[in-house]
Amino acid sequence: MPALRFITSFLIFSLSFPSVLLGQEIFRFEHISTQEGLSQNTVSAMYCDKDGFIWVGTNNGLNRYDGYTFKVFKGNDDDSGMLINNRVTDIWQDKQGFIWFMTHDGYYHYFHPALEKIHTLPGYLEKVSDDNLIITDFEQYNDDEIWLGLKYQGVFRLKKDDEQLRYKVTHFLNRGQFALSNNDVSFVKKDSKGNLWIGTHRGINFVAKKDIDSGTPTFQHFFVDYSFTAFCETDEHVWLGTNDNGLILKDKDDNLFLQVNQENTSDLISNQLTRLFISELGDIYAGFRDNGIMQYDTNQKKWRKIDIAGKNVDRIYEDNHHQIWITTETFGVDRFNPLDKSSRHYRLSPSSRENSTDLERHVFFEDNNNNFWIGLHEGGLALYNRPNDQFSFYLNDPNNPNSINSNIVASIIHDNSGQLWLGTGQYLGGIERVILRTPGFNHILPQKEIKEISDNVTRALHEDETGRLWVGSKAGRLHVMDSLYNQLAVYNEFMTDDTVVSGANIYSILTDSNGYLWLGTKGKGLLVSQKPLNNYSDPARLRFYNYQHNQEDSTSLTHNNVYCIVENEEKEIWIGTYGNGLSQVKTKSDGSRYFRNIHSQNSSLGSNMVRNIVFDSTARMWVATGFGLYMRNQHEKGPFMSFFYTPDKDQSLSYNDVVHIFEDSDKDLWFGTLGGGLNKLENIKDSVASFMHYNSNNGLANDVVLAMQEGKPGHIWVSTENGLNRINKNTGTIEAFNANNGLSFNMFMENTCLKRKNGVLLFGGYKGIEALDSDKISVKNYSPKIELTNFQLFNKDVSTLESNSPLNKTITYTDHLNLKHFQSSFSIEFSALDYQDPGIVQYAYFLKNFDNNWNLIGNQNKATFTNLPPGDYVFKVKSTNRMGGWIEAPRELKITILPPWYKTNWAYLATSSCS
């Protein structure tokens, strides 16, 4: 129970800066770890590739995530590639689609996702130096070519080899025909004209574009006595930083070099440069050893010292608002504003935490909403509030399961839909998916401080004529709130003339046409206010009449479990009980009430377990029961018609336990069931009804449908045991809402819903009430590209590296699959690569030349075929988008199953010739 209080405090914390997130707040963090298949819980790097797969680097290998499963790669042989260190520290993708990653030992590796092979640079088995061959720079020269700089071992030139599906590597050193000036390379950079600049410990090496294009690069050496450290480029110059000799500027037009140092530029604070950075505004930022940082204003041609806390610049970052963020050897971060030339230092880690780490190791990231995040080592996640010029922090709270799992944030990324992900390390690390609250949802807790979970389990909702809300909970309380959800009164006991009724679980609430309040309870019968509500000055002072069942009195309430109370157009009040059918309220001449009871013993009502009653617009009385749906024409007062689930009739009621009935603005009737989903009445004739079905196979979040209301005309909101759905009657699409995209909880309660006079919808559940302003609720219509993710033969994964494998490339990159006749039983797995909530994505597949129709398989992401005959097939699979509509761009895979040799044309010809 204490966890609920902690969840509340977390929400209050995250609500303190709503404007930063453009109306959205962080609701919670979803944890993904080794329990879900991640190879190890220290995540140092994450990357979303162009196809939508998420790659995760851990201390124990590279992982590919498709929303359902992790595929782990740890090269350990000559076929798959070899890693001697599985600790992945960085991940990126090149123009060819290869996944590059760096390991803790300084080696670079590129992974071919179609072949699932790892290639290492430098090769582990190549003995080229006694030094650790750390790579210092990566330059994507063009789509087919990459240059790598190495510490102590020159440069590698990588050119795509189409035949081998890998890179051909040429190694350049300071010896031989094409010699570098020095092997200690600090950077390799391409300028805007396609020339290459290679900075080394002794000299700058220039390679003209024409020489690179010719295939025989010639290295021109300049300033061989200088040690070069940094590079940047303006429209007029190439800027080269040195270790002791200031700056070298190369004029692009006249090919002249200009040296800028303390001897000829008085404003320069040092000749020892460590960093060069050019901003989008065109200014140059230079970091100096032990001397901080300077800005060169390219418009004013003037150097300016920037006031920062540290002396040695570690990183320079420009955000989308052109603010310059600077990290140094000191804790915290500095921000420089190039417009007013001001700077400010921000302390990000409390002093108590600075002893737990040597550096904060800042990770900068800006999301699609221009929110600026910083991940910190032991400092959690920081969010910059631009209007207030301050940071808010998300730190682990051991008592709050919704808080971030670890304070070590090593990576921040977006997937292709804009979903924010964090890679965290050590202790309880792993992957964090950031769940934002959806605008338009408001979580209401009737009981702020709770002792039992039942304190906020909401079982009844009602709004009176003055706009006050009456809320019944499983804890036996009745809460009275004003229109803004402020509490006015709480009833734990109900006063009558004779006694006090306590422990009354309110299941139904009604204000009748005369203003009296009616309360239906589970076990304590019926409570009715002694006077109309407007006769009470204080809602806390109501007194009640209590009506209960009396076996000796046939005119008493038929049963004490009152599940619903309704008033029809004729001002008749009907009571539905879960135990003995219906009671119609009658009034004597003296004003006293009695009941006319209808149940299975005296009528055609086939079940006494009444859950809900609705009088529709044509005056028909509908009764939802635990065994069947019943209807009679109220004008005729005839027998009840009954409707049941019939297995051999596709349009019968889908399930016999009917919970809720709702009539929408188009006069369509909807029926929710406790296991068969939702039914919409299509037609009724001669006591036979036909229904359209909505269930988990065609987009409904859950087959337990508990309540319904209508938002905008034609938009039917449905509460289930797994969140809310919004059905668009016009398009047939079904949108899903749950704790993954904004709800505070997923489990709702039966018949607990309300449409307020202001149009806000309320749904009660086991953690209070969700209030929906449907005008503010929208779903991003993200339509991802579905991908094939795995192929199995006889329930065993198939690899491209296996001998006699039918896969030349992984199934993701295969368009035509050839199988032998004994490989005719197989499975194909797939994913829409929509990570917001993979559980709500619906799939359908079709095997051409085998199936007659699409197979709707709900949220299953696997298709299995057994003993297919030889022939040619086309496998097609498609998925729904977040709006619930089908994406009509299926992934296709041609499949050919070859006949056995004795059934081939050659075999038949041989047999014919022999005969």
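**Exercise 1. Classify Lys-341, then describe its salt bridge.**

Lys-341 has a relative accessibility of 24%, so Lys-341 counts as partly exposed. That label covers values between the two cut-offs: buried is under 20%, exposed is over 50%. The model is a predicted one.

Next, find the partner. Lys-341 forms a salt bridge with Asp-297. The closest N and O atoms are 3.5 Å apart. A salt bridge requires a side-chain nitrogen of Lys or Arg within 4 Å of a carboxyl oxygen of Asp or Glu, so the pair qualifies.

Now place both ends. Lys-341 sits in the loop between β30 (333–337) and β31 (342–346). Asp-297 belongs to strand β26 (residues 292–297). The two are 44 residues apart, and the pair links distant parts of the chain.

Last, check the partner's exposure. Asp-297 has a relative accessible area of 8%, so Asp-297 is buried.

**Exercise 2. Locate the salt bridge between Glu-750 and Arg-611, and find the network around the pair.**

Start with the contact. The side chains of Glu-750 and Arg-611 meet at 3.0 Å, N to O.

Then map the strands. Glu-750 is in strand β66 (residues 748–755). Arg-611 is in strand β54 (residues 610–615). A separation of 139 residues makes this a link between distant parts of the chain.

Both Glu-750 and Arg-611 are buried.

Finally, widen the view. A network of salt bridges links Arg-459, Arg-611, Asp-657 and Glu-750. Across the whole structure, a search finds 37 salt bridges.

**Exercise 3. Are Lys-878 and Glu-888 buried or exposed? Describe how they pair.**

Take the contact first. Lys-878 and Glu-888 form a salt bridge, with the closest N and O atoms 3.4 Å apart.

Lys-878 lies in strand β76 (residues 871–879), and Glu-888 lies in the loop between β76 and β77 (891–897), so the bridge ties together parts 10 residues apart in sequence.

Now the accessibilities. Lys-878 is at 9%, so Lys-878 counts as buried. Glu-888 has a relative accessible area of 58%, so Glu-888 is exposed.

**Exercise 4. Identify the residues of the negative surface patch, and place Glu-236.**

List the members. Asp-235, Glu-236, Asp-253 and Asp-254 gather in a patch of negative charge on the surface.

Place Glu-236. Glu-236 is found in the loop between β20 (228–233) and β21 (237–242).

Check its exposure. Glu-236 has a relative accessible area of 46%, so Glu-236 is partly exposed. Patch residues need over 30%, so Glu-236 passes that cut-off.

Key
Residues numbered from 1 in each chain as written. Predicted model: local features only at pLDDT ≥ 70, side-chain atom pairs only at ≥ 80, totals over all residues. Heavy atoms only, no water. Patch = residues over 30% accessible without salt bridge, like charges linked within 9 Å, V, L, I, M, F, W, Y side chains within 5 Å. Areas by Shrake-Rupley, 256 points an atom, 1.4 Å probe, with all protein chains shown as cover. Lys, Arg positive; Asp, Glu negative; His and termini not counted. Charge placed at Lys NZ, Arg CZ, Asp CG, Glu CD. Helix = DSSP H or I, 4+ residues; strand = E, 2+ residues; numbered from the N terminus. Buried < 20%, exposed > 50% of the residue type's maximum accessible area, 1.4 Å probe, protein only.
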